[in-house]
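User: I am a first-year student and I should like to take a close look at a single part of this protein. Please explain it step by step and then place it in the wider structure.

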Amino acid sequence: MPVEGTTPEPVEEAQWIAWMLQRLSGSPFRAKFRLADADRAYARAKGRATIYRHAHEMLRARIGAAHPLKDGKQTPWKGHPVFTAQHATATCCRGCIMRWHHIPKGRALTDAEVNRLAALVMAWIDRDLRDHPAQPELPIETEKTAAPPQQKATPTATMEPLF
């Protein structure tokens, strides 16, 4: 029975993902995670299909068993976009999955559960990539294309704005 004042968990997948991301954003610990620039570049270079496959494979291999090896310590903090997303979405260990997603410890995850958690991980990665658009690469300057040295400006009493 739902606790008074709480929103019941949506059944439809897209609504559940949006609801879950909203819930997770209310946790100061979960909300602090962001992809590193290198992880964003990796995700963009590999493409969504490959990163989704990685998410599915990592979730199945690292947390899918009834009693995962080194449970609670099996997900690195960095090194792949899925690792960061797992911590942000509470899919990093069976304890977090039990607390946040109400999937009990002591039994293997079903294919449907792995798929749902992988979809949540991907939605978080998609949101991070959308919130941090790719920056165009600056051209590498050579001696021929480098701008000529500028004269030093004399200091003034007022400061120019930075932006």
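With which residue does Arg107 form a salt bridge, and how far apart are the closest N and O atoms?

Analyst: The model is a predicted one, and every value below is computed from it. Arg107 forms its salt bridge with Glu113, and the closest N and O atoms of the two are 2.6 Å apart.

The two partners may next be considered by their accessibility. Arg107 has a relative accessible area of 30%, so it counts as partly exposed. Glu113 has a relative accessibility of 16%, and because buried means under 20%, Glu113 counts as buried. The salt bridge of Arg107 with Glu113 thus joins a partly exposed residue to a buried one. Elsewhere, salt bridges that share partners join Asp37, Arg40 and Asp128 into one network.

A search of the whole structure finds seven salt bridges. One of them is formed by Asp126 and Arg48, whose closest N and O atoms are 2.7 Å apart. This pair links distant parts of the chain, since Asp126 belongs to helix 7 and Arg48 to helix 4, which covers residues 48–63; the two residues are 78 residues apart. Asp126 has a relative accessibility of 23% and therefore counts as partly exposed. Arg48, at 46%, is partly exposed as well.

A further salt bridge lies within helix 4. There the side chains of Glu57 and Arg53 meet, with 3.4 Å from N to O. Because these residues are four residues apart in helix 4, about one helical turn separates Glu57 from Arg53. Glu57 has a relative accessibility of 42%, so it counts as partly exposed, and Arg53 is partly exposed at 41%.

The wider structure gives these pairs their setting. The protein has seven helices and zero strands, and read along the sequence it follows the pattern α-α-α-α-α-α-α. Of its 163 residues, 36% are buried. Among contacts between residues at least 6 apart in sequence, 67% join residues at least 24 apart.

Helix 7, which holds Asp126, also takes part in a pocket. The largest pocket has a volume of about 150 Å³. It is lined by 13 residues, and the closest to its centre are Ala31, Phe33, Arg34, Trp124 and Arg127. The elements that give two or more residues to this lining are helix 1 (13–25), helix 2 (28–31) and helix 7 (111–131). Helix 7 gives the most, with four residues. By class, the lining has six nonpolar, two polar and five charged residues.

Finally, the confidence of the prediction should be considered. The protein averages a pLDDT of 84, and 79% of the residues score at least 70. Among the elements of the protein, helix 7 has the highest mean pLDDT, at 96, and helix 1 the lowest, at 93. Over residues 155–163, by contrast, pLDDT stays under 50, and the model has zero contacts beyond four places in sequence for this stretch.

Notes. Residues are numbered from 1 along each chain as its sequence is written. This is a predicted model: local features need pLDDT of at least 70, side-chain atom pairs count only at pLDDT 80 or more; totals for chains, interfaces and linings use all residues. Side-chain values use heavy atoms; hydrogens and water are left out. On a 1 Å grid over the protein atoms alone, a cavity is a set of points where a 1.4 Å probe fits but cannot get out, and a pocket is an open set with protein on both sides within 12 Å along at least five of seven lines; lining residues have an atom within 4 Å of a point. Grid points are joined across faces, edges and corners, and a volume is the space filled by probe spheres set on the points. Ala, Val, Leu, Ile, Met, Phe, Trp, Tyr, Cys and Pro count as nonpolar, Asp, Glu, Lys and Arg as charged, and the others, Gly among them, as polar. pLDDT is the predictor's confidence in each residue, from 0 to 100. Contact means heavy atoms within 4.5 Å. A salt bridge is a side-chain nitrogen of Lys or Arg within 4 Å of a carboxyl oxygen of Asp or Glu. Buried means under 20% relative accessible area, exposed over 50%, partly exposed in between (1.4 Å probe, protein chains only).
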